[in-house]
Amino acid sequence: MKFSIGYRLCSDDNFIDSIIKRKDSVSEVYFSWGDFANGRNNQIKHSDMTPWQAQAKQINDLEKLTKEGIWVNLLLNATCYGKDSQSRAFFEKIGECIDYLQNNFLLKSVTTASPLIAKFIKNNFENIDVRASVNMCIGTIEGMEYVAHLFDSFYMKRELNRDFDAIKTLKNWCDKNGKKLYALANSGCLNNCSAHTFHDNLVSHESEISMMDNGYAFEGICHFFLKNEQNIHRLADYTGFIRPEDIYLYEGVFPAIKLATRVNSNPERIFRAYIDNQKYIGSVLDLLEPNHTGTIRPYFLENSLIEARVENNKLNYNTDKALIKLKEDIYANE
C-alpha cells in the first residue's frame, strides 16, 4: 500500500528524513503553502521561526523531497476564503503559486474544497490532478457526478471507510469514468459531526480570529461529546478510522491512503504503525487527528485488544475488551 503523508514544518530535518527513509511506500507528500488558508494551521506561523525563515525552511524541505523523486500535493482545501473566494487577484495568486511550485518541485496534484479553484486549475494547468477534498464530504455517485467536470479524483467521506459495498460502488464509477478514489485512514473526527462545517470555517479564518477579542473558545464538539462516559463506550462506532492492522483490506482499492500527520504530536509513531509494521500496541487514539486519548481519560482504548470483523461487507470494531478504565491516570504528570 502507498501512503499520502501530511507535511509539517519543523525546525530540524528529522520529519523530512523520516519520510525519505520510507519513500518507497510514499505516493506523495501533501502540504499547504505560505499564507493560503487550508484545512489546518497556517504553515508559516511557527513558534521557532519568523515567517521568512519558515518559508525558506519549507522550500528547503521540498527541494529535498524533489531530489528523492517524491511527488507533492498542494492543499487549497479551506472551506472558506471569505472575500477572496471569487476575486481575480486571489486566482492570480493561486496561478503564480502553482506555476512556481510546478517549475521547482514535483507538484502533480492539488486538493481543494472549492469548485472555483478546481475550475481555475482545470482551465490553466492541464497536467495537474485536481482532487476533491475530504472536507467536501462526497460519498455518493451523484456527489461525484455533479462536479466530475472539475475534479480528476476524489477523497471519499470518512464515514464510508468501513463500508466495502459503498466503497465498491464509488470505485466502480470512478473506474468507468477515468477518476481515482482516495481515503483518509486516521481521522479522529466524529461521523456526521453537526459542527464540522462550522469548525472547518473557523480553521479557515484562524489568522483573523486570533487577532480578535474573542468571547468563546471552540475546541470541537467531539471533546464535549466524549466527556460523557456512555459515549466513550461507542467511540469506535462514532468514528471512521481504519486501524493499521486492517490496511491490507484496502489493497488494490485505493492508489494511496492518506495519513493525517500535520498536527499529530508524534508522526513517527504513525509512520511505524501504518507503514512499517501495520500494527500498533497502545492507545489507537494516539494515531488519530484529532487525538482523543486525553479527552477520554481515565479510559484507555488499547488498539491491540480491538476485535475486528468483516460482517455483511462492513468492517466492525468491537472495543468491549479494548476499553480499559485505569485505576491511576497515567497521563497525570504530563
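Is Ile221 buried, partly exposed or exposed in terms of relative accessible area? In this predicted model, Ile221 has a relative accessible area of 37% and is therefore classed as partly exposed, because the buried class ends at 20% and the exposed class begins over 50%. The residue belongs to helix H9, which covers residues 221–225. Together with Phe198 and Phe218, Ile221 makes up a nonpolar surface patch whose combined accessible area is about 260 Å².

The strands S1 to S8 form a closed barrel of eight, arranged in the order S1-S2-S3-S4-S5-S6-S7-S8 with parallel pairing. From one strand to the next, the twist averages 25 degrees. One of the pairings is that of strand S7 (residues 180–184) with strand S8 (residues 257–259), which is parallel and rests on two bridges. In this region Ala183 is found opposite Ile257 of S8.

Two helices illustrate the packing around strand S1. Helix H1 spans residues 14–21, and its buried residues are Phe15, Ile16, Ser18, Ile19 and Ile20. The cover over these residues includes strands S1 (3–6) and S2 (26–31), as well as helices H2 (51–67) and H12 (267–277). A general point of helix geometry applies here: with 3.6 residues a turn in an α-helix, residues three or four places apart point the same way. In helix H12, the buried residues are Pro267, Arg269, Ile270, Phe271, Ala273, Tyr274 and Ile275. These buried residues of H12 pack against S1, H1 and S8. After H12 comes Gln278, which has a positive phi near 50 degrees.

Charged contacts were examined next. Side chains of opposite charge can pair when their charged atoms come close. The structure contains 20 salt bridges. One of them joins the side chains of Lys83 and Asp84, with an N to O distance of 3.6 Å. Lys83 is exposed because its relative accessible area, 76%, lies over the 50% cut-off. Asp84, at a relative accessible area of 29%, is partly exposed.

A further salt bridge links Asp152 to Lys122, with 2.7 Å between the closest N and O atoms. This pair connects distant parts of the chain, 30 residues apart: Lys122 sits in helix H4 (residues 115–124), and Asp152 in the loop between helix H5 (141–146) and strand S6 (153–155). The relative accessible area of Asp152 is 17%, so this residue is classed as buried. Lys122 counts as partly exposed, with a relative accessibility of 32%.

In the salt bridge between Lys314 and Asp163, the closest N and O atoms are 3.9 Å apart. Because Lys314 belongs to strand S11 (residues 314–318) and Asp163 to the loop between S6 and helix H6 (164–176), the pair ties together parts that are 151 residues apart in sequence. Lys314 is partly exposed, with a relative accessible area of 35%, whereas Asp163 counts as buried at 18% relative accessibility. Elsewhere, Asp13, Lys57, Asp61 and Lys64 are joined into one network by salt bridges that share partners.

Backbone geometry was also considered. The peptide bond from Glu289 to Pro290 is cis, and its omega is near -5 degrees. Pro290 is located in the loop between H12 and strand S9 (299–301). Arg297 and Pro298 are likewise joined by a cis peptide bond, with omega about 10 degrees. Pro298 also has its place in the loop between H12 and S9.

Positive phi values occur at residues other than glycine. Asn192 is one of these, with phi near 50 degrees. Its place is in the loop between S7 and helix H7 (196–204). The relative accessibility of Asn192 is 57%, so this residue counts as exposed. Asn313 likewise has a positive phi, of about 60 degrees, without being a glycine. Asn313 occupies the loop between strand S10 (307–311) and S11. With a relative accessible area of 35%, Asn313 is partly exposed.

How values were computed: Residues numbered from 1 in each chain as written. Predicted model: local features only at pLDDT ≥ 70, side-chain atom pairs only at ≥ 80, totals over all residues. Heavy atoms only, no water. Pairing = 2+ DSSP bridges. Helix = DSSP H or I, 4+ residues; strand = E, 2+ residues; numbered from the N terminus. Axes fitted to C-alpha atoms, helices over the stretch in contact; angles between N-to-C directions. Buried < 20%, exposed > 50% of the residue type's maximum accessible area, 1.4 Å probe, protein only. Contact = heavy atoms within 4.5 Å. Patch = residues over 30% accessible without salt bridge, like charges linked within 9 Å, V, L, I, M, F, W, Y side chains within 5 Å. Areas by Shrake-Rupley, 256 points an atom, 1.4 Å probe, with all protein chains shown as cover. Salt bridge = Lys/Arg side-chain N within 4 Å of Asp/Glu carboxyl O.
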